[in-house]
Amino acid sequence: MMFLIQAWPVTLAAAVLAILPPAPGRRDSGPVWPNAESRANSDPWIAANHDRIREMRPSVLVLNFVNGLSPAGARAQAERLAALLEEGSRYHGHADPAASAFLRYRVFKVVDLTDPGHGRGRPLANSSAYPRVAGWDGGDFGNFRYAELFGGRFARRYGVADPDRPGAWLDLKGLVDRGIVHEVWMVCIHEKTGGPFESTEVKQAYDERSAKVPGRWVQAGNGGSPDQPFIGRSLRIAFLNAERGPGCALESLSHSMEGMASSGAIPYFTRYFNEYAGFDLKERYGLPFRSLYGREPGTEVSYPAPTTLRYSWGGSSRTLDGYRPAGGNVHFMPSGRRDYDLDNPATVLSTAEHFRLGDGADGRDRAEPWTGERFARFRECAGDCMGPWLVYWRQNMPGLDNPARDDQGKPMKNWWPFLFY
């Protein structure tokens with residue numbers, strides 16, 4: 001008998017529509033990407049026009065592997081994630097109702113890869129089309145043959161005719177080269193034997209001037225598979241777990257931003273993201289770890305005063321005074337005690353909403369009392385995993401029309417175009 005996978009609840013879709021305000025129109029004129037001059041990831045046009053782009057409308061190919069989940073259900077999951085990504089791209093949108101959204105993801109197509117009648121008795125959670133690694137014993141993540149998505153078998157399932165070859169289909173490289181697809185979201189179930197990485201990206205590398213480094217690419221996702229080929233353009237492939245909600249999917253794609261920074265693919269982005277996300281604690285404060293991810297295993301940190309961080313190292317308790325967190329990272333909000341902590345009532349002094357503004361009395365970024373109430377408005381629409389924190393986290397990154405400054409005192413670049421470099 002066929003079983004049904006519950007789609008993310010309809011009530012959640014209603015919550016997203018009710019809570020997230022309609023995105024206002026663009027404030028000023030400027031190009032939208034893709035356009036007649038540039039349609040594809042890694043086009044030189046993107047870097048050349050980075051500071052002029054007013055909006056990006058990436059197109060997503062959604063692959064539904066989950067038996068029992070309808071194409072409409074898979075589309076609904078993708079559209080709820082797209083709504084959160086759009087809201088997260090409104091610079092300081094939590095405080096400015098007129099802030100324009102920069103990212104407006106669109107679902108190009110939902111490819112139904114299910115086979116509800118497959119197998120004997122109860123069907124597999126993921127269909128037979130799901131490309132498992134034979135004899136996988138490598139852990140929770142990585143049990144997916146990414147190269148398969150680029151081959152002819154999947155090209156037929158994508159169903160986009162190749163205009164240059166009558167009777168043939170465009171493969172994934174062809175879809176990306178033509179700017180038809182900019183990102184892939186796979187809707188799957190995490191099986192007992194493992195699943196895909198939360199997100200992968202094989203990314204074109206750039207130099208300090210944001211010019212392409214010919215022939216150089218890096219793994220820039222949350223995890224990475226040597227099985228995913230470099231196709232001459234950057235391509236992000238995200239795993240949407242059908243048994244979780246859009247907040248968890250947003251967490252996966254936010255880890256991608258950490259991965260992009262850690263990869264060094266775009267030095268400019270790495271420089272400032274590490275400062276925003278607290279990946280510079282060793283350099284800034286002399287701590288024995290680079291970020292709170294690296295704290296002593298099994299321990300929590302605490303904040304006995306708004307500018308004091310207490311942590312354990314080498315089995316002893318240590319105290320750092322003068323601690324002023326900025327934006328935090330995916331697992332750690334500014335007052336986070338441990339991974340995934342959204343509920344610490346402690347108040348800390350944070351510069352999260354003033355990153356690189358230099359608006360404090362001392363010329364530094366203004367620090368102000370901060371608690372988790374700052375992102376409370378997003379708890380309903382993105383309530384699972386770190387979702388509510390991450391909508392707010394993204395809104396404080398330098399985005400469209402941000403007044404932040406870089407090390408040279410020049411206007412800080414909008415970070416969102418880097419996603420498609």
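Strands S6 and S7 make a hairpin, with five residues sitting between them. In the turn, Ser-210 has a positive phi of about 60°. Keep in mind that this is a predicted model. Besides the hairpin, here's a quick look at a helix pair and a three-stranded sheet.

**The S6-S7 hairpin**
- S6 covers residues 199-206 and S7 covers residues 212-219; the two run antiparallel and are joined by four bridges.
- If you want a spot to look at, find Gln-204, which stands opposite Trp-217 in S7.

**Helix H3 against helix H9**
- H3 (residues 71-88) packs on H9 (residues 387-395) with the axes 7 Å apart and an angle of about 40°.
- That angle is why H3 counts as oblique to H9.
- On the H3 side, the contact uses Leu-84, Leu-85, Glu-87 and Gly-88, while H9 brings in Val-391, Arg-394 and Gln-395.
- Sorted by character, the residues of this H3 and H9 contact come out as three nonpolar, two polar and two charged.

**The S9-S10-S11 sheet**
- This one is an open sheet of three strands, in the order S9-S10-S11, and the pairing is antiparallel.
- S9 (302-305) and S11 (316-321) are the edge strands; each has a single partner strand, so one side of each has no neighbour in the sheet.
- From one strand to the next, the twist averages 35°.
- S9 and S10 (residues 308-313) run antiparallel, with two bridges joining them.
- Within that pair, Ala-305 stands opposite Thr-308 in S10.

Note on methods
Residues numbered from 1 in each chain as written. Predicted model: local features only at pLDDT ≥ 70, side-chain atom pairs only at ≥ 80, totals over all residues. Heavy atoms only, no water. Pairing = 2+ DSSP bridges. Axes fitted to C-alpha atoms, helices over the stretch in contact; angles between N-to-C directions. Parallel < 35°, antiparallel > 145°, perpendicular 65-115°, else oblique. Contact = heavy atoms within 4.5 Å. Nonpolar A, V, L, I, M, F, W, Y, C, P; charged D, E, K, R; others polar.
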